[in-house]
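Reader: Hi! I'm new to reading protein models, and I'd like to walk through one with you. Could you put it up so we can chat about it?

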Amino acid sequence: TSITDGGYMLVPTKMTMDMLMLMPMYNFSKETSVMLMLNYLNNKMPMDGLCQSTMSTSGWADTQVSLSHKFTDEQFAVSMELNIPTGSINGKTKMQMLMGAECMTHTMHAPYGMQLGSGTYDLAPSITYLGAYFDWRYGAQISYKYRIGENDNNYSLGDEANATMWLRKPAFGATFSGELNFIRRGTINGEDEKMNTASVTRSGDGGLPVSMLPSPTNFASNSGGTLAELSLSVSLPVSFAYFTGEVAIPLYQDLNGIQMKRRTGMSLSIGAMF
């Protein structure tokens with residue numbers, strides 16, 4: 001988004017997220033298990049505009065507890081996940097803001113996408129199909145995340161529908177995977193009153209006054225949309241750990257309002273099982 005054409009003082013150029021996940025699991029039986037997921041996030045979002053700086057937030061995010069049951073034929077599984085709002089929705093970030101003719105550092109309420117949690121209890125039921133053909137493994141899953149009520153800041157993130165299909169094959173001591181994801185996220189409902197959405201009058205070309213908004217990330221209407229994405233990955237086990245490299249290729253995007261579109265990205269993850 002152009003600063004001049006869009007009328008914004010700041011726009012994001014990209015966003016990166018580092019995540020540490022701890023997932024203890026307990027099997028009640030061969031078919032039924034419960035899993036706890038703890039998440040630690042580190043978010044960064046460089047901003048461009050009248051001043052340049054980088055937003056950042058970090059800390060423990062929401063916690064998920066899921067109960068799964070695999071049917072005796074082991075082809076179908078159902079799961080119910082509960083999101084517990086342990087992540088903060090009042091995160092602060094430092095930004096360079098124009099004051100008069102000088103850029104100065106200010107502490108401000110972080111935008112929706114930089115907050116660490118949803119602030120609401122969420123339910124996410126899913127059903128999974130699992131199949132095998134010799135050493136090939138394939139499957140599909142559909143899930144829906146339902147936000148229960150509003151959080152303490154008078155908004156709730158949009159509901160989310162997800163459909164996934166995958167194909168996996170071990171070879172040369174590694175596991176190669178292809179995955180197709182379809183995601184539909186709803187727009188944020190309500191509005192965080194702590195979010196700065198007020199316009200500011202600045203001096204434009206020729207000294208004429210120009211009314212400018214803070215950033216597209218501060219507006220709830222600039223959220224949600226539809227995404228189809230293809231992921232290709234290889235996972236290599238080493239002792240009790242495994243290393244996974246993944247390339248994610250967006251195939252289709254239809255986003256609400258003004259948002260950053262996803263580009264082809266690469267990720268590297270390290271996991272360990274005990």
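Reader: Let's start with the cysteines: which residue does a disulfide join to C51?
Author: A disulfide joins C51 to C103, with the sulfurs 2.0 Å apart. A disulfide here is a pair of cysteine sulfur atoms within 2.5 Å, and by this rule the count comes to 1.

Reader: Before we go on, what am I looking at, and how are things numbered?
Author: This is a predicted model, where local features need pLDDT of at least 70, side-chain atom pairs count only at pLDDT 80 or more, and totals for chains, interfaces and linings use all residues. Residues are numbered from 1 along each chain as its sequence is written, and side-chain values use heavy atoms, with hydrogens and water left out.

Reader: What pLDDT does the chain average?
Author: The protein chain averages 90, and 94% of the residues score at least 70. pLDDT is the predictor's confidence in each residue, from 0 to 100. Over residues 1–5 the pLDDT is below 50. That stretch has 12 contacts in the model beyond near neighbours in sequence, where contact means heavy atoms within 4.5 Å.

Reader: Back to the disulfide. Where do C51 and C103 lie?
Author: C51 lies in the loop between β4 and β5 (53–60), while C103 is in strand β9 (residues 102–109), so the pair ties together parts that are 52 residues apart in sequence. Strands are DSSP runs of E, at least two residues long, and helices are runs of H or I, at least four, numbered from the N terminus.

Reader: Is that disulfide left-handed or right-handed?
Author: The torsion about the S-S bond of C51 and C103 is about -95°, so the disulfide is left-handed.

Reader: And is C51 buried or exposed?
Author: C51 is buried, with a relative accessible area of 3%, whereas C103 is partly exposed at 33%. Buried means under 20% relative accessible area, exposed over 50% and partly exposed in between, using a 1.4 Å probe and protein chains only.

Reader: New topic! Which residues make up the largest nonpolar core?
Author: It has 11 residues: M9, L10, M45, M47, M55, M95, M97, M108, A110, M114 and M212. Strands β4 (32–49) and β8 (92–99) each supply at least two residues of this core. A nonpolar core is a set of buried Ala, Val, Leu, Ile, Met, Phe, Trp, Tyr and Cys residues joined through side-chain atoms within 4.5 Å. In soluble globular proteins, nonpolar side chains tend to be buried together.

Reader: What is M45 in contact with?
Author: Leaving aside neighbours within four places in sequence, the partners of M45 include P12, K14, M15, M55, M114 and M260.

Reader: T93 sits in which strand, and is it buried or exposed?
Author: T93 is in strand β8. At 2% relative accessibility, T93 is buried. A polar atom of the T93 side chain lies 3.0 Å from the backbone nitrogen of S56. Away from its neighbours within four places in sequence, T93 is in contact with M55, S56, H106, T107, M108 and A110.

Reader: Cool. How many aromatic pairs are there?
Author: A search of the whole structure finds 7. Rings of Phe, Tyr and Trp (its six-membered ring) pair if their centres lie within 6.5 Å; planes under 30 degrees apart count as stacked, over 60 as edge-to-face and the rest as tilted. In one of the pairs, Y112 and Y155 have ring centres 5.0 Å apart and planes at 85°, so the pair is edge-to-face. Y112 is in the loop between β9 and β10 (121–133) and Y155 in strand β12 (residues 155–156), 43 residues apart. Y112 and Y155 are both buried.

Reader: How far apart are the ring centres of Y129 and Y138?
Author: They are 6.3 Å centre to centre with 40° between the planes, and the pair is tilted. Y129 is partly exposed at 27%, and Y138 is partly exposed at 33%. Ring pairs also link F76 with Y129 and Y138 into a cluster.

Reader: Last one: where is D135, and what does its side chain make a polar contact with?
Author: D135 is in the loop between β10 and β11 (136–148). Its side chain makes a polar contact with the side chain of K169, at 3.2 Å. A polar contact is a pair of N or O atoms within 3.5 Å; within protein, one must be able to donate a hydrogen and the other to accept it, and residues adjacent in sequence count only if both atoms are side-chain atoms. D135 is partly exposed, at 34% relative accessibility.
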